[in-house]
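Subject: Structure for you to look over

Hello,

I am handing over the structure we spoke about. Please open it first; my notes on what was found follow below.

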There are 2 protein chains.
Amino acid sequence: MSDKSGLRVDAERNRQQILVAAEELFLERGAGVPLDEVAKRAKVGIGTLYRRFPTREELLAATSNERFLSLAEASQARDADHDPGAAIRAYLEELALNTSTYQSLAASLGTVVECGTPGCNAITAEGNRLLRRAQEAGAVHADVTFADFIYVVSAISIALEKDNSPKTRVIHLVDLFLSGIIVR
Amino acid sequence: MSDKSGLRVDAERNRQQILVAAEELFLERGAGVPLDEVAKRAKVGIGTLYRRFPTREELLAATSNERFLSLAEASQARDADHDPGAAIRAYLEELALNTSTYQSLAASLGTVVECGTPGCNAITAEGNRLLRRAQEAGAVHADVTFADFIYVVSAISIALEKDNSPKTRVIHLVDLFLSGIIVR
DNA sequence: TTTAAAATGGAGGAACCCTCCATTTCATTT
DNA sequence: AAATGAAATGGAGGGTTCCTCCATTTTAAA
């Protein structure tokens, strides 16, 4: 009998082991860790890993899934308290911090976020919602796109990785994006 | 006799051949092209290439050197005509366009710009000068740093690479950073 | 010419990637 | 509970790129 994932139970067990091993190794050594080692720690053949996650990005997307889900939920929960601009600020800050979880996840963010897992879909939908609402309220320029958000978050995360900066730097960089560098 | 580079003439000749080959291949196939192929096109052993340019970044910095030099000069030439804010805008736009010359140069911009070649020094000095001047004139927030410029340009260039966007997109993204996304 | 310092090239070991398929395991049918 | 076929497995192996190392060659000074 197969459970709801549609995988055989042995396959599903291995899938979980791969996810656990990947999560650990990404945390320890960054998102570029050799996949052979992920397979080894998961006690699974490398072929099995590739069968389940054909690309590194898909594996990254899978390990990010829950984090993205809870980010999206947290953003919705904040909704009532904040004005549109503040909601976007909080969303961007949290996404940037999350993207700094693994060294060199940032470079893949654009791809990862399009991967179609529930978490990726949720975080994308939420970002689009916040953006649309802020634009309807006239709080954000009409020519800003969700893609701009992703680029900005990637840039900020890359910056963070490089000099291993504190959280305050995220706030500075998000501010920069939101307010512009020019005094007026 | 050695010329001013301090290299033996055969070594200097090979260095030039490597630079020419690298420039060609980076343009054709991006900044990640195998270095063996650069060596082959330069008609030089791979060992010679590594002796002269121990890392890919150093080779990138060397091929970017003249471009950076002329960008810095052009920026200084614009100086008279523009107000501080416009000078920065032009500087960022040109640097972003230049950084999109080779596919995947963007990711290395931060490292490349610190490489110490004359061109890297010139572009850094010029950026710092523009920034300081704008800040003294009160046109740019005091907490903006030159590192922010580099992050911004990287983000823009990564965006450009991804969807192979037209120049108008550079302008949009630079505007975003200069003015912020929030209406006021 | 001689000499030694500088430069060379490319073989080869290591790291990582990813495919392929002979074998094993699971779930269903009889 | 035995048989059956679909699903899953693992890891050998071929490919790519990296980078070091050193026996040989080239240059330039003595």
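Helix 3 of chain A gives the largest share of the surface near DNA strand D, with five residues. This is a predicted model, so please read the values below as computed from it. Helix 3 (46–52) is joined at that surface by helix 1 (9–29) of chain A and by helix 1 (9–29), helix 2 (35–41) and helix 3 (46–52) of chain B, each supplying at least two residues.

In total, 23 residues lie around DNA strand D, and those that come nearest are Asn14(A), Gly45(A), Gly47(A), Thr48(A) and Arg56(B). By class, the surface near this strand has ten nonpolar, four polar and nine charged residues. Of the strand D atoms within 4 Å of the protein, 69% are sugar or phosphate atoms, and the rest belong to bases.

Some individual contacts to strand D:

- The side chain of Asn14(A) has an N or O atom 2.2 Å from a phosphate oxygen of the strand.
- For Asp36(B), the distance from a side-chain N or O atom to a phosphate oxygen is 3.4 Å.
- Arg8(B) instead has a side-chain N or O atom 3.1 Å from a base oxygen.

Now DNA strand C. Which residues come nearest to it? Of the 22 around this strand, they are Arg56(A), Asn14(B), Gly45(B), Gly47(B) and Thr48(B). Here the largest share of the surface, five residues, is from helix 3 of chain B. Helix 1 and helix 2 (35–41) of chain A, and helix 1 and helix 3 of chain B, each supply at least two residues. The surface near strand C divides into nine nonpolar, four polar and nine charged residues. Sugar or phosphate accounts for 72% of the strand C atoms within 4 Å of the protein, and bases for the rest.

Phosphate oxygens of strand C lie 2.7 Å from a polar side-chain atom of Thr48(B), 2.9 Å from an N or O atom in the side chain of Tyr50(A), and 3.2 Å from a polar side-chain atom of Arg52(B).

One more item concerns a helix pair in chain A. Helix 5 (residues 84–99) and helix 9 (residues 167–179) of chain A pack at about 135°, with their axes 10 Å apart, and are therefore oblique to each other. Their crossing is right-handed. Among the residues that meet there are Ile88(A), Leu92(A) and Leu97(A) from helix 5, and Val170(A), Val174(A) and Phe177(A) from helix 9. The contact has nine nonpolar, no polar and four charged residues.

Regards

Key:
Residues numbered from 1 in each chain as written. Chains lettered and ligands numbered in written order. Predicted model: local features only at pLDDT ≥ 70, side-chain atom pairs only at ≥ 80, totals over all residues. Heavy atoms only, no water. Near = heavy atom within 4 Å. Polar contact = N/O pair within 3.5 Å; in protein donor to acceptor, adjacent residues only side chain to side chain. Helix = DSSP H or I, 4+ residues; strand = E, 2+ residues; numbered from the N terminus. Nonpolar A, V, L, I, M, F, W, Y, C, P; charged D, E, K, R; others polar. Axes fitted to C-alpha atoms, helices over the stretch in contact; angles between N-to-C directions. Parallel < 35°, antiparallel > 145°, perpendicular 65-115°, else oblique. Left-handed = near helix turned anticlockwise from the far one by under 90°. Contact = heavy atoms within 4.5 Å.
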